[in-house]
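Could you walk me through how to read the packing in a structure like this one? I would like the general idea and then the actual case.

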Amino acid sequence: MKHKADIKTIIILGLACFANYFGAGNLIFPPYLGLTTGKSWFIAFLLFILVDAGLAVLCLVASARKGNGFTGVVDRLGSKLTPVVLFANALCLGPLIAVPRTAATTYSLTFTPLFPGVSSWLVSGVFMAVVAFLCLKPSKVVDAIGQYMAPILVVGLAILVAKGVFVLADNPIIGDIGTVPSLKEGLTAGYQTMDMLGSALFCSMLLISLDSKNIDENDRVRTLSLAGVVAFVCLFSVYMGICFLGVKVTGQFTTDITQAELLVAITDLILGKAGTVLLGIIVLLACMTTAVGLTSSCADTFRIIFRKEDKYPQIVVLCCLLSFVLANIGLSNIIALAAPILEVLYPVILICVVMSFFPEEKRFREAAKVGALIAAGIAIYTQVDLFTAASLGSASLPLYDLGLSWVLPAAAGTVLNLLVTKDRKA
């Protein structure tokens with residue numbers, strides 16, 4: 001019998017969302033943001049959390065409102081473009097870049113410090129084998145993450161932050177780069193996490209979990225919205241804590257230090273050698289939860305796109321094998337190649353998410369498509385300009401310095417299309 005989700009189910013779903021969003025990459029952004037912004041850190045942090053967790057939750061709610069999840073959000077792009085966007089998003093956030101990066105990060109920050117000389121092939125092989133095992137039961141993925149892995153991750157992070165606030169309490173805060181630069185730092189850091197794209201993928205796993213629990217379809221939006229609130233609160237608390245740790249070491253490190261090096265250095269300051277072990281556990285769990293969520297979601301997306309309804313297990317294994325290979329061979333080059341694709345995907349999906357909250361009328365669907373195409377065109381133009389010897393003038397576009405040169409043209413195109421077609425019937 002179908003029923004409404006209880007508070008326990010909502011909390012488990014919320015923790016699963018938190019763990020899926022909170023990858024190892026997200027772990028290193030906030031401390032560096034605190035270090036670079038100094039006394040203006042809170043302004044930068046607010047923009048960071050809104051762009052990162054805020055848009056991720058917005059995408060989750062938008063997907064929940066559609067009967068077919070995220071596919072219903074982007075289907076306004078048309079029958080030809082929708083599968084392309086779905087495939088590109090799943091490929092980049094799955095076996096092409098994000099999942100291999102979780103295996104490589106686990107090797108670098110968890111196993112290398114504790115077991116010098118250990119083979120990256122061995123570590124990534126075992127890592128991806130565990131990911132595959134957990135993903136082969138899609139209805140159990142969310143429970144495995146939300147009930148077991150996420151709480152351990154939260155406890156580890158709480159220990160690090162609480163101990164850090166105590167140890168670094170007397171450290172002075174140095175440096176203030178001002179409001180505008182701080183906003184830019186926060187926006188850039190939030191944009192780089194690409195959690196909204198991951199949220200788009202993970203929604204399918206959440207819907208599978210709700211079906212397995214016999215949750216009423218009419219209760220999906222409420223359930224996932226509340227789960228999103230739980231995830232947002234967890235992300236806000238954790239991000240603010242580790243961002244503040246970066247603020248408290250502004251007098252000890254310069255911005256020349258890398259993000260990963262800063263995280264390791266802060267952990268060592270707070271907990272000494274024990275910090276190496278704790279950081280290793282946090283990174284392992286952050287990477288594992290993200291890899292499981294993304295791999296399972298990507299496999300489900302590929303299954304739908306290629307109409308291989310009964311091939312989910314085979315697709316999972318194939319994704320894990322590809323991720324295993326790419327984690328060990330030329331990962332940095334693959335990331336460099338995938339980055340421009342993500343820069344184009346992000347604005348397209350963001351426009352579809354925002355427009356999905358408007359009425360399901362033909363003119364709104366057409367306006368969303370026009371805005372998305374303009375955004376994609378500007379993003380492609382900007383990326384091409386970055387890789388050409390002669391400047392094409394993209395730097396003169398409004399908001400270029402913030403990486404948002406697509407915003408005003410896309411917004412203008414969307415509004416203009418709505419005005420021109422306002423009398424057209426659906």
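The dialogue below takes up the core, two helix pairs and two loop residues.

Q: What should I keep in mind before I start?
A: This is a predicted model, where local features need pLDDT of at least 70, side-chain atom pairs count only at pLDDT 80 or more, and totals for chains, interfaces and linings use all residues. Residues are numbered from 1 along each chain as its sequence is written, and side-chain values use heavy atoms, with hydrogens and water left out.

Q: Which residues touch the most other members of the largest nonpolar core?
A: A nonpolar core is a set of buried Ala, Val, Leu, Ile, Met, Phe, Trp, Tyr and Cys residues joined through side-chain atoms within 4.5 Å; buried means under 20% relative accessible area, exposed over 50% and partly exposed in between, with a 1.4 Å probe and protein chains only. Here the largest core has 130 residues, and Phe 18, Phe 22, Leu 27 and Val 131 touch the most other members. Helix H13 (residues 273-305) gives the largest share, 14 residues. Helices are DSSP runs (H or I, at least four residues), numbered from the N terminus.

Q: What is Leu 27 in contact with, leaving aside its neighbours within four places in sequence?
A: Contact means heavy atoms within 4.5 Å. On that basis, Leu 27 meets Phe 22, Leu 157, Ile 242, Leu 263, Leu 279, Ile 282 and Val 283.

Q: How do I read the crossing of H7 and H14?
A: Axes are lines fitted to C-alpha atoms, for helices over the stretch in contact, and angles run from 0 to 180 degrees between N-to-C directions. The axes of H7 (residues 120-135) and H14 (residues 312-326) come within 9 Å and cross at roughly 160°. The two are therefore roughly antiparallel (angles over 145 degrees). Their crossing is right-handed (the near helix is turned clockwise from the far one by less than a right angle).

Q: And where do H6 and H13 come in?
A: The axes of H6 (residues 98-114) and H13 also come within 9 Å, crossing at roughly 165°, so this pair is roughly antiparallel as well. H6 passes H13 in a left-handed crossing, the term for an anticlockwise turn.

Q: Where is Arg 307 placed, and what about Leu 399?
A: Arg 307 is in the loop between H13 and H14. Its phi is near 55°, a positive value in a residue other than glycine, and Arg 307 is exposed, at 73% relative accessible area. Leu 399 lies in the loop between H16 (362-386) and H17 (407-420). Phi of Leu 399 is near 65°, and at 36% relative accessibility Leu 399 is partly exposed.

Notes. Parallel < 35°, antiparallel > 145°, perpendicular 65-115°, else oblique.
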